[in-house]
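Please work through the exercises below with the sequence and the model at hand. Each task is followed by a solution in steps.

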Amino acid sequence: MGSDDFQPIQGMSDLAPPAIRRWQKLEAQARIVLHRYGYEEIRTPVLEKLSVFERSIGDTTDIVQKEMYVLEDRGGRKLALRPEGTAGVMRFVAGHGQDFQDGRLYYIAPMFRCERPQAGRKRQFHQLGAEAIGTPNARVDAEMIAMQVHLLHDWGLEGASIRLNTRGEPADHAAVQQGFRDLLRPLAGRLCEDCRRRMETNVLRVLDCKQEGCREVVKDLPPVTSFMSEASRAYLKDVCAVLDKLEIAYVLDPGLVRGLDYYRHTVWELTHPALGAQDAISGGGRYGLKMGNREIEGVGFAMGLERVMTALESRHLDDTGEPGTLVWLVTLGDELLDENLELAQTLRMRGIACRMDLVGRSMKAQMRAAGRAGATHVVIRGASEAEKGVYQLKTMADGVQREVTLPDLMEILAAGA
Ligand code: HAM
C-alpha cells in the first residue's frame, strides 16, 4: 500500500491524541455553559433523506446545489450526509408534536460539505450548534448571541466580532428580492457570471459576493431594511436594545446575508481576525422551516470547531487538558504482572488513572514510557517489594522516592499528592 492509503479523504482529518485532548476540554467546557442556559444535547443521524435538506436549506443555495454528499442506498432511496445540523433537529422536532415546541437543544457533531478544501474549509468539519424552538422573540435571539459570547469567553478566545442583520418577515422576502432585482438589472453588466444568475434565483446572494466588481456595485445599494415592513425594522431594533442592555458589542451589517434560505428576522455571524479568508467562526439566525405539513420556528447558531481551534492556537492558548494524577506501575519480573495488574485495577476503580506495561519490558523502557505519558507518580514493585509487602513510590515532580505500605500508597495517590 502506498503512503496515500493511510491518509483520510481529502478535506477530512483524523482527530487523534494528543490534539483530541484539546477538543475534549473545549467540548466539556461548552457543555457546562450550554446546560446553564437550559440546553440539552440531541444526537441525530449523520445520514438523512435528501429531502430533509433540500426543502429547508433551499434549492438555490450553494449547499444544496453543489456541496452535499448525496447517495442512493440499496433500496434506491436518495440520502445525504448532513451538511449542517438545523434541518435534522427540526425534522426531529416536527416528529414530536407539542413535546419540543419550546425545546432548547444543542449538538456537537461532524458535518459534511463537498467544498474545495482550503485553509479553514474542510469537507468533514465539526459544529457546535444550538437551537431554541419557538415563535419570534427578540430576547431569545439576543440571549442566543450572548451564549456564543459566553462560550468564547470561557474558552479564552478574545477578539471575535459580531455582525448583525435582518432578513425580515417572510412577507417581506418578495419585496426585498424585487427591490434589489430592479436596482441591479441596469448594473448587471458589472456583475460576475455567478451573480448574474443569482439575480434571478436568489438575488440576496449578490450582496455577499466576494468578487471585487460585485462589491463595488453592492456598496452603493440601500440597506435591505429599506424594502422591509415597519414590523421587521422594529424587531431588529428590539434585538439591538437587548444586546445593548447585555453590553454585547456588535456591528450592524446590511450586507450580511447568510447562505441558507430558512432565515427570517435576525441573522448574524461571528468572525475572528486570526482566521484569514474563511474567518467565520459562527453563524446563526432566526428561522422558519417547513417539515412535511408542519412549520417549525426557532433561532440558533453553529460554530465551526476547527476554526475555533485555529483561532485559539493563534493565541498560544495551547492547553492539553487536565492532566490530574497519572500513576505508572513499573513491574520488575514477569511473575508479578498479574498481581500488579490487579493493583492497577484497584487504583482505577478508585478513580485514579493508572497505566502499566503488560508485555514485560525492561525497567529502563518502563520508566521511559512513564515519562513519555506524563506520569505524575511511578510505583515500582519487584520481588523484594512483594516479599516485604511494600511499594516504591516516586513522585515525578521532585524525583523523591520512598517506600510505602499499601494503605499509605492508596491514601497518597487518592489525595493526588
Ligand atoms: P453555516 O454558516 O453554514 O451555518 O455554518 C456555521 C459555521 O460552521 C461557520 O461559521 C463555520 O465556522 C463552520 N463551517 C461551515 N462550513 C465549513 C467548512 N467547510 N469547513 C469548516 N468549517 C465550516 C449553519 O450551518 C447553520 N445550520 C447555523 C444555524 C443553526 N442557524 C440557525 N441554527
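The exercises treat domains, sheets, helix packing and backbone geometry in turn.

The model is predicted, so that local features require pLDDT of at least 70 and side-chain atom pairs pLDDT 80 or more, whereas totals for chains, interfaces and linings use all residues. Residues are numbered from 1 along each chain as its sequence is written, and side-chain values use heavy atoms, with hydrogens and water left out.

**Exercise 1. Domains**

State the domain bounds of the chain and how far apart the C-alpha centres of domain 1 and domain 2 lie.

Solution.
- Step 1: The bounds come from an automatic or database domain assignment. Domain 1 comprises 3-169 + 257-314, and domain 2 comprises 326-416.
- Step 2: Between the C-alpha centres of domain 1 and domain 2 there are 45 Å.

**Exercise 2. The sheet containing E2, E3 and E4**

Determine the strand order of this sheet and identify its edge strands.

Solution.
- Step 1: Helices (H or I, at least four residues) and strands (E, at least two) are DSSP runs numbered from the N terminus. Two strands pair if DSSP finds at least two bridges between them.
- Step 2: The order E2-E4-E3 describes an open sheet of 3 strands with antiparallel pairing. Strand E2 (47-49) and strand E3 (70-72) are the edges, each pairing on one side only. From one strand to the next, the twist averages 40°.
- Step 3: Over 3 bridges, E3 and strand E4 (residues 78-81) pair in the antiparallel sense. Val 70 has Ala 80 in E4 opposite it.
- Step 4: Helix H2 (residues 50-57) lies across E2, E3 and E4 and runs at about 70° to E2. Here angles run from 0 to 180 degrees between N-to-C directions, and axes are lines fitted to C-alpha atoms, for helices over the stretch in contact.

**Exercise 3. The sheet from E12 to E16**

Give the order of the 5 strands and name the helix that packs on the sheet.

Solution.
- Step 1: The order is E13-E12-E14-E15-E16, in an open sheet with mixed pairing. Its edge strands are strand E13 (353-356) and strand E16 (401-404). The twist from one strand to the next averages 25°.
- Step 2: Strand E15 (residues 391-395) pairs with E16 in the antiparallel sense over 4 bridges. In this pair, Tyr 391 stands opposite Val 404 in E16.
- Step 3: Helix H13 (residues 363-373) packs on the sheet and touches strand E12 (326-331), E13, strand E14 (377-381) and E15. The direction of H13 makes about 175° with that of E12. Contact means heavy atoms within 4.5 Å.

**Exercise 4. Three helix pairs**

Classify the packing of H12 with H15, of H5 with H10 and of H1 with H11.

Solution.
- Step 1: Angles under 35 degrees count as roughly parallel, over 145 as roughly antiparallel, 65 to 115 as roughly perpendicular and the rest as oblique. A crossing is left-handed if the near helix is turned anticlockwise from the far one by less than a right angle, and right-handed if clockwise. Ala, Val, Leu, Ile, Met, Phe, Trp, Tyr, Cys and Pro count as nonpolar, Asp, Glu, Lys and Arg as charged, and the others, Gly among them, as polar.
- Step 2: Helix H12 (residues 337-349) packs against helix H15 (residues 406-415) at about 40°, with axes 11 Å apart. H12 is therefore oblique to H15, and the crossing is right-handed. Leu 343, Thr 346 and Leu 347 of H12 meet Leu 406, Leu 409, Met 410 and Leu 413 of H15. This contact has 6 nonpolar, 1 polar and no charged residues.
- Step 3: Helix H5 (residues 138-155) and helix H10 (residues 230-245) pack at about 45°, their axes being 8 Å apart. H5 is therefore oblique to H10, again with a right-handed crossing. Contact residues include Ala 142 and Ile 145 of H5 and Val 239 and Val 242 of H10. The classes are 7 nonpolar, no polar and 3 charged.
- Step 4: H1 and helix H11 (residues 305-314) pack at about 105°, with axes 11 Å apart. The two helices, H1 and H11, are therefore roughly perpendicular. Arg 22, Trp 23 and Leu 26 of H1 meet residues of H11, among them Leu 305 and Met 309. The contact of H1 with H11 divides into 6 nonpolar, no polar and 3 charged residues.

**Exercise 5. Backbone geometry**

Is the peptide bond from Pro 17 to Pro 18 cis or trans, and is phi of Glu 247 positive or negative?

Solution.
- Step 1: Most residues other than glycine have a negative phi, and most peptide bonds are trans.
- Step 2: The bond from Pro 17 to Pro 18 is cis, with omega near 0°. Pro 18 belongs to the segment before helix H1 (19-36).
- Step 3: Glu 247 has a positive phi, near 60°. The loop between H10 and strand E8 (251-252) holds Glu 247.
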